[in-house]
Amino acid sequence: MSYGDGESLHDAFRDTIVTIEVNGSFLAIDPEHPPYELPWTDTAYVITAWNPGKPLTAEENRRRNVELRHELDQRGYVVFDAVGRSRDGGWEEWGYAVIGADRAEAVALGQRFGQLAIFELTTTSLTVLDC
């Protein structure tokens with residue numbers, strides 16, 4: 001992810017469109033267009049293991065996401081594949097939408113995998129949470 005003149009990291013995160021795969025359908029979550037029609041009522045957290053503060057190779061990013069998925073499965077969370085993309089399509093990061101974690105657990109997972117931030121998703125908002 002690169003940041004233009006005056007664009008902060010937080011601004012870039014807030015401008016991310018998150019797409020979640022649920023049973024073969026894709027939900028596009030645009031932070032500028034709530035509310036969201038989600039097939040669940042609980043808060044979800046969107047977490048990735050990609051590019052922990054610096055770009056990594058595709059192979060290393062995939063390996064890290066496999067490790068994250070294993071951790072999520074071991075904790076018994078409901079997990080959906082997700083991808084965050086810039087509006088212009090210039091970057092994307094694959095990860096997971098996680099249901100069953102609380103905010104502290106989700107932020108701790110983001111920290112464990114070196115993330116600067118994760119997303120909190122409800123039917124009314126997509127919020128950036130600092131890790």
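**Group meeting talk: a predicted protein model of 131 residues**

Phe80 is buried, with a relative accessible area of 17%; buried here means under 20% relative accessible area, exposed over 50%, and partly exposed in between, with a 1.4 Å probe and protein chains only. I begin with this residue and shall return to its partner shortly.

First, some remarks on the basis of the talk. This is a predicted model, in which local features need pLDDT of at least 70 and side-chain atom pairs count only at pLDDT 80 or more, while totals for chains, interfaces and linings use all residues. Residues are numbered from 1 along each chain as its sequence is written, and side-chain values use heavy atoms, with hydrogens and water left out.

Let us turn to the partner of Phe80. A search of the whole structure yields 1 aromatic pair. Rings of Phe, Tyr and Trp (its six-membered ring) pair if their centres lie within 6.5 Å; planes under 30 degrees apart count as stacked, over 60 as edge-to-face and the rest as tilted. The ring centres of Trp40 and Phe80 are 5.3 Å apart and the planes stand at 20°, so this pair is stacked. Because Trp40 lies in the loop between β2 (25-29) and β3 (44-47) and Phe80 in strand β4 (residues 78-85), the pair ties together parts that are 40 residues apart in sequence. Trp40 is also buried, its relative accessible area being 10%.

Next, the overall fold. The protein has 3 helices and 7 strands, where helices (H or I, at least four residues) and strands (E, at least two) are DSSP runs numbered from the N terminus. In what order do the elements run from the N terminus on? The order is α-β-β-β-α-β-β-α-β-β. The radius of gyration is 14 Å, close to the 14 Å that the globule rule gives for 131 residues, so the protein is as compact as a globular protein of that length. That radius is taken over C-alpha atoms, and the rule is 2.2 Å times the number of residues to the power 0.38. The C-alpha trace spans about 40 × 30 × 30 Å along its principal axes.

Of the 131 residues, 44% are buried. Among contacts with a separation of 6 or more, 58% are between residues 24 or more positions apart; contact means heavy atoms within 4.5 Å.

Val98 offers a view of the interior contacts of one residue. Val98 belongs to strand β5 (residues 92-99), and at 0% relative accessibility it counts as buried. Which residues does Val98 contact, leaving aside its neighbours within four places in sequence? They are Thr43, Ala44, Tyr45, Ile47, Leu72, Tyr77 and Val78. Glu67, by comparison, is 31 residues from Val98 in sequence and 15 Å away in space, C-alpha to C-alpha.

Finally, some backbone details. Most residues other than glycine have a negative phi, and most peptide bonds are trans. Asn23 has a positive phi of about 50° although it is not a glycine. This residue sits in the loop between β1 (17-22) and β2, and Asn23 is exposed, with a relative accessible area of 76%. Asn51 likewise has a positive phi, near 40°, and its place is the loop between β3 and α2 (58-74). The peptide bond from Pro34 to Pro35 is cis, with omega near 0°. Pro35 lies in the loop between β2 and β3, the loop that also holds Trp40 of the stacked pair.
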